[in-house]
Amino acid sequence: MKKVFLICLAASIMITANAQNEKFIAAIKTNIAAMDTAFKNPASFLTLTNNFERIGNAEKTQWLPYYYAALCQVNYGFMIGDMSKLDAIADRAEMYLNKADSLMPKNSEISCIRSLIATERMIVNPMQRYAEYGPVIKLNLETAKLEDANNPRPYYIEGENLKNTPENFGGGCAAAAELLKKAKEKFTTFKPASEISPNWGENRTNELIKECNL
Amino acid sequence: MRFFLYLSICFMPFSLLAQVQITGKVTDNRGKPLTGASISLKDTYDGATTDSLGNFTFTSNEKGDHIVEATLIGYSTYTKSIVLNKNIVLSIQLKELITELNAITLTAGSFEASDKKKGAVLSALDIVTTASAEGDITGALKSLPGTQQVGEEGGLFVRGGTATESKIYIDGNLVNNFFYSSIPGIASRGRFNPFLFKGTIFSSGGYSALYGQALSSALILETTDLPDKTQASLGFSVIGLNSGIQKLAKNKKSSWGITYNFTHLGLAFAVIKQKQDYFKTPVYHEGDANFRIKTKNGGMIKYFGYWSTGKVGFRTNDIDSVNLNDAFRLQDLNTYQNLTWKLNAGNGWKITPGISFSTDKQNISNELQDKNDVLQTFTNPAGYNFKNFQVHTKNYYGQARILIEKRLKGMNMIRFGSDYFITHENLHYISLDSAAFEQTIHEKLYAAFAETDLYLSPRLALKLGSRAEHSAILNKWNLAPRLSLAYRIKNNSQASFAYGIFYQTPESQYQPATPGIGYAQATHYILQYQRSANGKIFRTEIFYKKYNHLYKTATTNFQTNYADNNKGTGYAQGLELFWRDKTTVKNLDYWISYSYLDTKRNFLNFPYTMQPNFAATHTASLIVKKFFLPWKTGLNLSYNFASGRPYYNLKYDYGQQKNIVEDAGTTINYNNVGLGVNYLPNLGKSNKKAFIVWVLSVSNVLGQKQVYTYKYGTINNNKEAVGPTAKRFVFIGCFLSFGVDRTEDAINNHL
């Protein structure tokens, strides 16, 4: 009888552990899915940031919740259009990203978000801040490429940055064409490590390519 | 059977499916709902985010003891233990934290130009791109409210104060000869290149207890830190050449730099006819050097050194006679050294010792000459004998300073420290008839200061300070209280107030003063309202200044003046407006400032209380900057206006034994339209090795008649207008920099 109980207990723990993992994956998946519609309402990115943060705090050893919390926070910043709030938002995104980084060091995806955070700080006052953050944006994208040569996102982000730079300053569609094409090519072969691993940017890359008539 | 029972227990989830609902509202301590706050059931996924009304609701399958946490950036975290056995309603209050991001800034009386600081009204680049500034820091400040458009002499005339009532500091240390040596009838420019400084605070009154000996105003400049990259620069223009290098160490922990500047006005004066007849073309050699070393815990050692020598000589018509000229000659040598060390002692303590040393030597001579440039010596009528003279000055200034800062809880700070100034000024006067006198002034001024920044809430801040000084010459102490406070009315608007007492010793030209004389004194009251949002700033200030114990002068046998007593009085009051808009029109940035000033004084040789000749009642400026991307060209326009200023012929009447106003009047209004054009041909070509900027600047574009004031003969009471030395000045220059791709700066300057 004792034996049966022990077997039951072991099975139960295993099932619970598995259930826990399933619950984690399901929670991440639900929130990732919600990100697609969040672009309609910036405030929902704040909700998603908080959701991911709670998952991260509860799990303690998973880097992805913090990674997504940082990403949602960055997106929130890009969407609200209130420059006076961007520094605080970037600070918060950086806080999550540092947590993700301590759990998963030297990750290409994390370097991508670092460059986005620098972009956000820069656009608060490009005139005064470019000298400081321009090199940080560049450095993190180059680092991201080195950390994972197959990751399409550093190419996509760099392409979008360049597309948004005025033509007079060496930006524009023509200048960004090569990078966007390279990003598209890498997206076609890119396989995310798991179903909840970062896998965004392909649609936007295609949109940019369309906008530029490439 | 039993087995199945066990099995069913085994597979029953640990959490039971009975859900509880947790709802509530999050507000700040004044009951205002907080949006975006995160509510979480600690160590679970469960939680919610507050909506626009501060409400939240979520359900949980958890049971038993748990902790609820509410967090929001800028607020303290809320935690509460709860037992999950029934639905729970929470009313949560979060306390706002005082951080650099939300704390109010003390702004009464001061304009800040900085790229980093919150509350800065201008950026470092603004100083350079203001058309009427012509590359001079103080020129740019003349487009802000509170300053006068005085053209007949250098310096900052602020809110009814003289130029000597404004003091200038670099990295906390006083600069005694910020402006080039003064030349009769010509406004001397500031010596230092605006690119040397990353931060500028211009206080038109009510400034901090860290600074003293200025009745009107303090200009506080902070030198740049390490450069981003090693770079070299080269420039040539119609007035000279310059070159420099800034070298950053490989480990990016230290840097050094030197620059050399050669100015020769021969070419410019050949094209642009000057009023004066130059027999010695102005030629200047200048050099500066710096090093910066990062020390541990974010400390920094900074050195800045400057050296300059120049010669100039010109003839002007002597005001007392038609047939005679004054031949004026000046040769000078000026040096300035400044060393500071900012060190973090840990635990919120920061200690900044600093020393500075400067020298200024001038050899000045004036000769009365006939139209054939032959020396003329008259002693009759009396007065001509004073027109042939030589003056040799040798001035040395030293300063030691220590500033100790301690960061307390929140943003609160205390600062205290001490200043020690040594002044040694030697003047040797020789007149043609060999009458000579020599005088040496030796002054030691000791000051101790303390101030505290108190943030009573994120919306209310207070700066309380006090400064005590002892001057060896006066052998007296003074105690100057200072107060500044700011209150945020709404998110984007704030009201500020500043009060302070300011003291000053007699200027060296009025020394030696009568023994027993005390300090001149000014009391400032400033009330400000400021509103800023979306790249627009509106600010208005009213002020009242009371002057007590201003110096009254008497004349020596050598026709020089000395401070006889300090029974002078006066006042200044006014209204100032400032509006800047960077966003309404894309790529267009403009600001407007207006100052109304009502001031009267009885000081120096004034016979009674009257409006000083350096104070215009109405002053206004319009500065416009626009960048044309397709042409890679920036266009800067400025318009400065000042209503006519009074002028006086003040004489000592020997019969009545007192000063009288022999003649008086008001000048015409002053108008000056300035234009600046910057062309950046390599803009956007990121692979170019050199970055090039072409600069064109024109003063008084419309050629309007400008009269600063009138001067009078000392013998014949002849009257002569003092205006610019040429109707208009045109500057063309080309500046190249290598090493750093400035294109990227430029791109983003104008995105």
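This is a short tour of a predicted model, going from the domains of chain A to a few backbone oddities in chain B.

**Stop 1: chain A, two domains**

Start by colouring residues 36-127 of chain A as domain 1 and residues 150-214 as domain 2. If you put a pseudoatom at the C-alpha centre of each, the two should sit 20 Å apart. Now look at where the domains meet: 8 residues of domain 1 of chain A are in contact with 7 residues of domain 2 of chain A. On the domain 1 side, the elements giving two or more residues are helix H3 (64-80) and helix H5 (108-124) of chain A. Which of them gives the most to that side? Select H5 of chain A, since that helix supplies 6 residues. Colour the domain 1 side by class and you get 4 nonpolar, 3 polar and 1 charged residues.

**Stop 2: chain B, zoomed out**

Switch to chain B and show everything as cartoon. There are 5 helices and 38 strands to find here. Along the principal axes, the C-alpha atoms fill a box of roughly 140 × 60 × 45 Å. Split the chain into domain 1 (17-94) and domain 2 (110-749); their C-alpha centres are 57 Å apart.

A couple of numbers for the whole chain: 37% of the 751 residues of chain B count as buried. Among chain B contacts with a separation of 6 or more, 62% link residues 24 or more positions apart.

**Stop 3: backbone oddities in chain B**

Before zooming in, keep the background in mind: most residues other than glycine have a negative phi, and most peptide bonds are trans.

Select B:Arg159, in the loop between helix H3 (137-141) and strand S9 (166-170) of chain B. Phi is positive here, near 45°, and the residue is not a glycine. Is B:Arg159 buried or exposed? Buried, because 30 C-beta neighbours lie inside 10 Å of B:Arg159, and 20 or more is what it takes.

Next, go to the loop between strand S30 (618-628) and strand S31 (633-642) of chain B and pick B:Lys632. B:Lys632 also has a positive phi, about 55°, without being a glycine. The surroundings put B:Lys632 in the partly exposed class, because 19 C-beta neighbours fall inside 10 Å.

Last stop: show sticks for B:Gln511 and B:Pro512. The peptide bond joining B:Gln511 and B:Pro512 is cis, with omega about 0°. For orientation, B:Pro512 is in the loop between strand S25 (493-504) and strand S26 (520-533) of chain B.

Key
Residues numbered from 1 in each chain as written. Chains lettered and ligands numbered in written order. Predicted model: local features only at pLDDT ≥ 70, side-chain atom pairs only at ≥ 80, totals over all residues. Domains from an automatic or database assignment. Contact = placed C-beta atoms within 7 Å. Helix = DSSP H or I, 4+ residues; strand = E, 2+ residues; numbered from the N terminus. Nonpolar A, V, L, I, M, F, W, Y, C, P; charged D, E, K, R; others polar. Buried ≥ 20, exposed ≤ 12 C-beta atoms within 10 Å, placed from the backbone.
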